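Reader: I am new to this structure and would like to find my way around. Could you take my questions one at a time?

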Amino acid sequence: MKVYTVDWDDEATQMLADIFVSAPDPNALWPAQAQADRLLEQQPRSYGYELSEGVPPFKIFYEIDDTKRVVTVTHVEIFKIGT
């Protein structure tokens, strides 16, 4: 059930695009990106910590606006083991 709207700001969208362009198999990344959006839509506080959520292969930084029921993704990077 979708409770929040997930919005990727321009910078995060560009970061994600850069990750996809440089990936050896970009199609393999789509399921993880879709899963991250689903988790953030449902219960962002339950599936990560505000400002950072790890959904391999991504580490996603986000902000939650409970009043508007919006999660704004502000940064995304490749998840590295040990971080």
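Reader: Against which elements do the buried residues of α1 pack?

Author: Bear in mind that this model is predicted. The buried residues of α1 are A12, M15, L16, I19 and F20. Their packing partners are β1 (5–8), α2 (30–42), β3 (58–65) and β4 (70–78).

Reader: Thanks! Within what arc do the buried residues of α1 fall, seen down the axis?

Author: An α-helix has 3.6 residues a turn, so residues three or four places apart point the same way. The buried set in α1 is A12, M15, L16, I19 and F20. These buried residues line one face of the helix, because, looking down the axis of α1, they fall within an arc of 135°.

Reader: Which residues are exposed on the other side of α1?

Author: A residue counts as exposed when its relative accessible area is over 50%. On the other side of α1, that description fits D10, E11, V21 and S22.

Reader: How far apart are the end C-alpha atoms of α1, and what span should its residues have?

Author: Helix α1 covers residues 10–22, which makes 13 residues. At 1.5 Å a residue they should span 18 Å. The distance between the end C-alpha atoms agrees with that, at 18 Å.

Reader: At the start of α1, which residue has a side-chain oxygen that reaches the backbone nitrogen of E11?

Author: The contact is made at the start of α1, where the backbone nitrogen belongs to E11. The side-chain oxygen comes to within 3.2 Å of that nitrogen, and its owner is D9.

Reader: Let me stay with α1 a little longer. Is D18 buried or partly exposed?

Author: D18 lies in helix α1, and its side chain makes a polar contact of 2.8 Å with the side chain of Q14. Buried would require a relative accessible area under 20%, and exposed one over 50%. D18 has 44%, so the right word is partly exposed.

Reader: How far apart in space are D18 and E77?

Author: In sequence, D18 and E77 are 59 residues apart. From C-alpha to C-alpha, their separation in space is 9.7 Å.

Reader: Now to the second helix. Which residues are buried in α2, and within what arc do they fall?

Author: The buried residues in α2 are A32, Q33, A36, D37, L39 and L40. Viewed down the axis of α2, they line one face of the helix, because they fall within an arc of 165°.

Reader: D37 carries a charge, so which side chain of opposite charge is nearest to D37?

Author: D37 lies in helix α2 and is buried, yet has no salt bridge. A salt bridge needs a side-chain nitrogen of Lys or Arg within 4 Å of a carboxyl oxygen of Asp or Glu. For D37, the nearest side chain of opposite charge is 8.2 Å away, and it is R38.

Reader: With which side chain does the side chain of D37 make a polar contact?

Author: Leaving aside residues up to four places away in sequence, D37 touches V6 and W8. The polar contact between side chains, at 2.9 Å, is with W8.

Reader: How many salt bridges does a search of the whole structure find, and which residues form a salt bridge?

Author: Side chains of opposite charge can pair when their charged atoms come close. The search of the whole structure finds one salt bridge, with its closest N and O atoms 2.6 Å apart, between R45 and D66.

Reader: What parts does that pair tie together?

Author: R45 is partly exposed at 45% relative accessibility, and D66 is partly exposed at 33%. The pair ties together parts that are 21 residues apart in sequence, because R45 lies in the loop between α2 and β2 (53–55) and D66 in the loop between β3 and β4.

Reader: What is phi of R69 near?

Author: R69 is found in the loop between β3 and β4, and at a relative accessible area of 35% it is partly exposed. Most residues other than glycine have a negative phi, and most peptide bonds are trans. In R69, a residue other than glycine, phi is positive, near 60°.

Reader: One last question: in what order do the elements of the protein chain run?

Author: The secondary structure of the protein chain comes to two helices and four strands. Read from the N terminus on, the order is β-α-α-β-β-β.

Key: Residues are numbered from 1 along each chain as its sequence is written. This is a predicted model: local features need pLDDT of at least 70, side-chain atom pairs count only at pLDDT 80 or more; totals for chains, interfaces and linings use all residues. Side-chain values use heavy atoms; hydrogens and water are left out. The expected span of a helix is 1.5 Å times one less than its number of residues. Buried means under 20% relative accessible area, exposed over 50%, partly exposed in between (1.4 Å probe, protein chains only). The arc is that of the directions from the helix axis to the C-beta atoms. Contact means heavy atoms within 4.5 Å. A polar contact is a pair of N or O atoms within 3.5 Å; within protein, one must be able to donate a hydrogen and the other to accept it, and residues adjacent in sequence count only if both atoms are side-chain atoms. Lys and Arg count as positive and Asp and Glu as negative; His and the chain ends are not counted.
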